[in-house]
Amino acid sequence: MIRIVLALLLSGTLLWAESKRVSLVLGSGGARGYAHIGVIEELERQGYEIVSISGSSMGALVGGLYAAGGLEPFRDWAIALDMREVLRLVDFSPGDGGLVDIGGVFKTIEGFIQHESIEDLPIRFVATATDLKERKSYLFDRGSLLAALQASTAMPTIFKPFEHDGRLFVDGGTLNPLPIAAAQGVEYDRLIVVDVGADVPAHFKPEPPEKIRQNRQSIYDRIFEHFKSNDRSREKGLFTIASETINIMQEHTARSQLERYGYDLLIEIPRESAAFYEFNRAWELIEIGRLAAREALQKR
């Protein structure tokens, strides 16, 4: 009996190792979405072939850039960001449905994109956004890649809604933080889901290199860290409320999607790894994604 069990377990392990064609589902989660970069890099390092990506919000951004051949320059750019550069790229102009206009960010991102339309991408890609008028999730599986990424990342109340083809879009994570159903329609061996808002312990704590730590010594970074600490210590700090509201909303929907559609492997990034607005912490979050992917694959 023991031999039979061991044989079955070994057989399952070998089958997984031989199943290298992967469909990825990359979830929403603000800055924690940087972890998707580490996941992708670890999958490639272990020889997996990514044949399809469906993403929501930052998951759509990272997945779309990967599909378009622009993930590496985006990664390098994001790692170099300090709070001064983050603030320079955004326009704090309350109104028109949001507090911040991130058009400056996408002017930079546009330079990383090597394919203008989704149909031209070498792998299947789907981004999800929320159609405000129709009050439902909308899938971008064709047309302008840049428009799809802008629509999917328009975080409600924080970033201004994105208008495209007569529709008004906000963040895909509002209704569809883990677009597992969108992964259908392509042949693959394994469906891997990456949840960057998981309610699991944050046991990965990578330390950035000295050069990156030095880059974070500007007055802007020090002010931000002071404000963040004070905000978290108050019962009703603005960023705390915004972050927790988004986390709660997406956590319940993501859990429902996981239970409904299933998956072959779930890679969980702890929700406590970073707040949704900490876009100056790319290095750590990429490393957390890499370590989480490695751990999940080792457990197969």
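In which loop is Arg135 found? In this predicted model, Arg135 is found in the loop between β5 (124-131) and β6, and the legends below begin with that residue before turning to rings and helices.

**View 1. Arg135 and Asp165, two loop residues with positive phi.** Most residues other than glycine have a negative phi. Arg135, although it is not a glycine, has a positive phi of about 60°, and at 72% relative accessibility this residue counts as exposed. Asp165, which is not a glycine either, has a positive phi of about 50°; this residue is found in the loop between β8 (162-164) and β9, and it counts as exposed at 65% relative accessibility.

**View 2. The ring pair of Tyr34 and Phe74, one of nine aromatic pairs held by the structure.** The ring centres of Tyr34 and Phe74 are 6.4 Å apart and the ring planes stand at 40°, so the pair is tilted. Tyr34 belongs to the loop between β1 (21-26) and α2 (35-45), whereas Phe74 belongs to helix α4 (residues 71-80), and the pair thus links distant parts of the chain, 40 residues apart. Tyr34 counts as buried at 3% relative accessibility, and Phe74 is likewise buried, with a relative accessible area of 2%. Both residues are members of a cluster in which ring pairs link Tyr34, Phe74, Trp77, Phe112 and Phe279.

**View 3. The ring pair of Tyr138 and Phe169, joining two strands.** The centres of these two rings, those of Tyr138 and Phe169, lie 5.2 Å apart with their planes at 55°, so this pair is tilted. Because Tyr138 lies in strand β6 (residues 136-140) and Phe169 in strand β9 (residues 167-170), the pair ties together parts that are 31 residues apart in sequence. The two partners differ in their surroundings: Tyr138 is partly exposed, with a relative accessible area of 27%, whereas Phe169 is buried, with a relative accessible area of 0%.

**View 4. Lys20 over the face of Tyr48.** Here the partner of the aromatic ring is a lysine: Lys20 lies over the face of Tyr48, at 4.1 Å from the ring centre.

**View 5. Helix α2 and the residues that it buries.** Eight of the eleven residues of α2 are buried, so this helix is largely enclosed by the rest of the structure. The buried residues of α2 are Ala35, His36, Ile37, Gly38, Val39, Ile40, Glu42 and Leu43. After α2 comes Gly47, whose phi is positive, near 90°.

**View 6. Helix α2 packed with α3 and with α4.** The axes of α2 and helix α3 (residues 58-67) come within 10 Å and cross at roughly 40°, and these two helices are therefore oblique to each other. The axes of α2 and α4 are 11 Å apart, and the two helices pack at an angle of about 135°; α2 and α4 are therefore oblique to each other as well. The handedness of the two crossings can be compared in this view: the crossing of α2 and α3 is right-handed, while the crossing of α2 and α4 is left-handed.

**View 7. Helix α11 and the loop that precedes it.** Helix α11 (residues 282-298) has 17 residues and reaches 24 Å from its first C-alpha to its last, close to the 24 Å expected at 1.5 Å a residue. Of the 17 residues of α11, 13 are buried, so the helix is largely enclosed by the rest of the structure. Tyr277 has its place in the loop between β11 (265-270) and α11, and this tyrosine is buried, with a relative accessible area of 11%. Although Tyr277 and Arg32 are 245 residues apart along the chain, their C-alpha atoms are separated by 8.7 Å.

**View 8. Pro209 and Trp283, brought together from separate parts of the sequence.** Pro209 is found in the loop between β10 (190-198) and α8 (210-215), where this proline is partly exposed, with a relative accessible area of 37%. Pro209 and Trp283 are 74 residues apart in sequence, and in space the distance between them is 9.0 Å, C-alpha to C-alpha.

Methods
Residues are numbered from 1 along each chain as its sequence is written. This is a predicted model: local features need pLDDT of at least 70, side-chain atom pairs count only at pLDDT 80 or more; totals for chains, interfaces and linings use all residues. Side-chain values use heavy atoms; hydrogens and water are left out. Rings of Phe, Tyr and Trp (its six-membered ring) pair if their centres lie within 6.5 Å; planes under 30 degrees apart count as stacked, over 60 as edge-to-face and the rest as tilted. Helices (H or I, at least four residues) and strands (E, at least two) are DSSP runs, numbered from the N terminus. Buried means under 20% relative accessible area, exposed over 50%, partly exposed in between (1.4 Å probe, protein chains only). A charge sits over a ring if NZ of Lys or CZ of Arg is within 6 Å of the ring centre and within 35 degrees of the ring normal. The expected span of a helix is 1.5 Å times one less than its number of residues. Axes are lines fitted to C-alpha atoms, for helices over the stretch in contact, and angles run from 0 to 180 degrees between N-to-C directions. Angles under 35 degrees count as roughly parallel, over 145 as roughly antiparallel, 65 to 115 as roughly perpendicular and the rest as oblique. A crossing is left-handed if the near helix is turned anticlockwise from the far one by less than a right angle, and right-handed if clockwise.
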